[in-house]
Amino acid sequence: MGSFGNLILNENMKIFRRPRTWIMLSILALISLLMPVLLREGMGSNEVLYWEAAVTTIQITFFLNTIFCVVIAAESVAGEFTWGTIKLLLIRPWSRSKVLASKYLTVIGFSIVSTLLVIAMAMLTSYILFSHDAPGGSSSPATNALTLWGYLYVDLFITLAIAFMVSSVFRSGALAIGLSLFIMFSQSIFSLIFNPVRYEWAKYVLFNNMDLSKYMTSGADFALMGGPSAGMTLGFSIAVLAVYYVIFMVISWVVFSKRDVAG
């Protein structure tokens with residue numbers, strides 16, 4: 001276990017020793033701090049509940065957060081091949097499975113850190129600038145906000161799995177980044193084309209299950225791509241995403257474990 005801990009520590013050092021990593025985190029923090037200020041100036045009022053201001057800020061910033069996390073995931077494996085350091089890594093007394101697991105866990109760790117940073121900065125500024133008087137109603141703004149952020153992270157989590165798989169299989173960081181960004185920005189388009197209302201089999205398509213916010217009790221207020229289709233529930237979408245996730249991970253591990261790096 002100690003050697004695996006050293007592997008994870010080594011991978012974290014690779015990420016956080018790069019100035020680019022700190023630049024990306026600084027950009028996320030700055031945008032998360034400034035967006036509530038812009039929202040207040042744009043509305044000309046501070047009567048909006050601070051939870052709502054934080055939700056809007058994070059929904060906007062989360063796209064950039066996903067892009068930065070994808071960059072880290074895409075280069076986690078492909079970068080070793082690009083820089084020619086993969087041989088040095090694999091000749092050490094660690095199995096390939098441990099090497100890949102350490103890289104993946106480090107990527108997930110970075111995504112959690114960046115997500116918490118965005119939430120913390122957005123909440124801090126929103127709490128200072130906006131109202132604390134919650135409106136009446138059965139639903140809690142805090143519960144809705146936390147649920148939405150959880151759903152946003154699930155979307156990020158699956159996108160990272162795709163980027164990591166492409167990085168492991170094709171050894172191309174550019175391809176992993178490009179494909180992940182394509183999936184991010186084309187989800188709604190593919191959901192319209194492969195609509196479960198028109199095609200029964202379409203409810204099993206990845207794109208139709210990534211936005212879990214459509215299952216929120218508050219309706220389409222927070223959902224990114226409209227409400228759920230008939231026959232689709234939160235549990236169903238989570239199950240579909242779990243199957244895709246397992247497939248992505250199995251492909252990554254099998255290809256990486258069998259790849260010849262002697263050439």
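## Contacts of Val154

Leaving out neighbours within four places in sequence, Val154 touches Leu212 and Leu241 in this predicted model. The second of these residues, Leu241, lies 87 residues from Val154 along the chain, and the two C-alpha atoms are 9.2 Å apart.

Val154 belongs to helix H6, which covers residues 141-170. The relative accessibility of Val154 is 27%, and the residue therefore counts as partly exposed, since the buried class ends at 20% and the exposed class begins over 50%.

## Helix H6

Helix H6 contains 30 residues. From the first C-alpha to the last, the helix spans 43 Å, close to the 44 Å expected at 1.5 Å a residue. Of these 30 residues, 22 are buried, so H6 is largely enclosed by the rest of the structure. Val154, at 27% relative accessibility, is partly exposed.

After H6 comes Arg171, which has a positive phi near 55 degrees.

## Nonpolar patch and helix H7

Phe170, Leu175, Leu179 and Phe182 make a nonpolar patch on the surface, with an area of about 380 Å². The element that gives the most to this patch is helix H7, residues 173-193, which supplies three residues.

Phe182 is located in H7. With a relative accessible area of 46%, Phe182 is classed as partly exposed. This value is over the 30% required of patch residues, so Phe182 meets the accessibility condition for the patch.

## Aromatic pairs

A pair of aromatic rings is described by the distance of the centres and the angle of the planes. Counting rings whose centres lie within 6.5 Å, the model has 18 aromatic pairs. One of them joins Phe190 and Phe194, with 6.1 Å between centres and 5 degrees between planes. That angle is under 30 degrees, so the Phe190 and Phe194 pair counts as stacked.

Both rings of this pair belong to partly exposed residues: Phe190 has a relative accessible area of 21%, and Phe194 has a relative accessibility of 27%. The value for Phe190 is not under 20%, so Phe190 does not count as buried.

Ring pairs also link Tyr104, Tyr153, Phe157, Phe164, Tyr245 and Trp253 into a cluster.

Conventions: Residues numbered from 1 in each chain as written. Predicted model: local features only at pLDDT ≥ 70, side-chain atom pairs only at ≥ 80, totals over all residues. Heavy atoms only, no water. Phe/Tyr/Trp six-rings, centres within 6.5 Å; stacked < 30°, edge-to-face > 60°. Buried < 20%, exposed > 50% of the residue type's maximum accessible area, 1.4 Å probe, protein only. Helix = DSSP H or I, 4+ residues; strand = E, 2+ residues; numbered from the N terminus. Contact = heavy atoms within 4.5 Å. Expected span 1.5 Å × (residues − 1). Patch = residues over 30% accessible without salt bridge, like charges linked within 9 Å, V, L, I, M, F, W, Y side chains within 5 Å. Areas by Shrake-Rupley, 256 points an atom, 1.4 Å probe, with all protein chains shown as cover. Salt bridge = Lys/Arg side-chain N within 4 Å of Asp/Glu carboxyl O.
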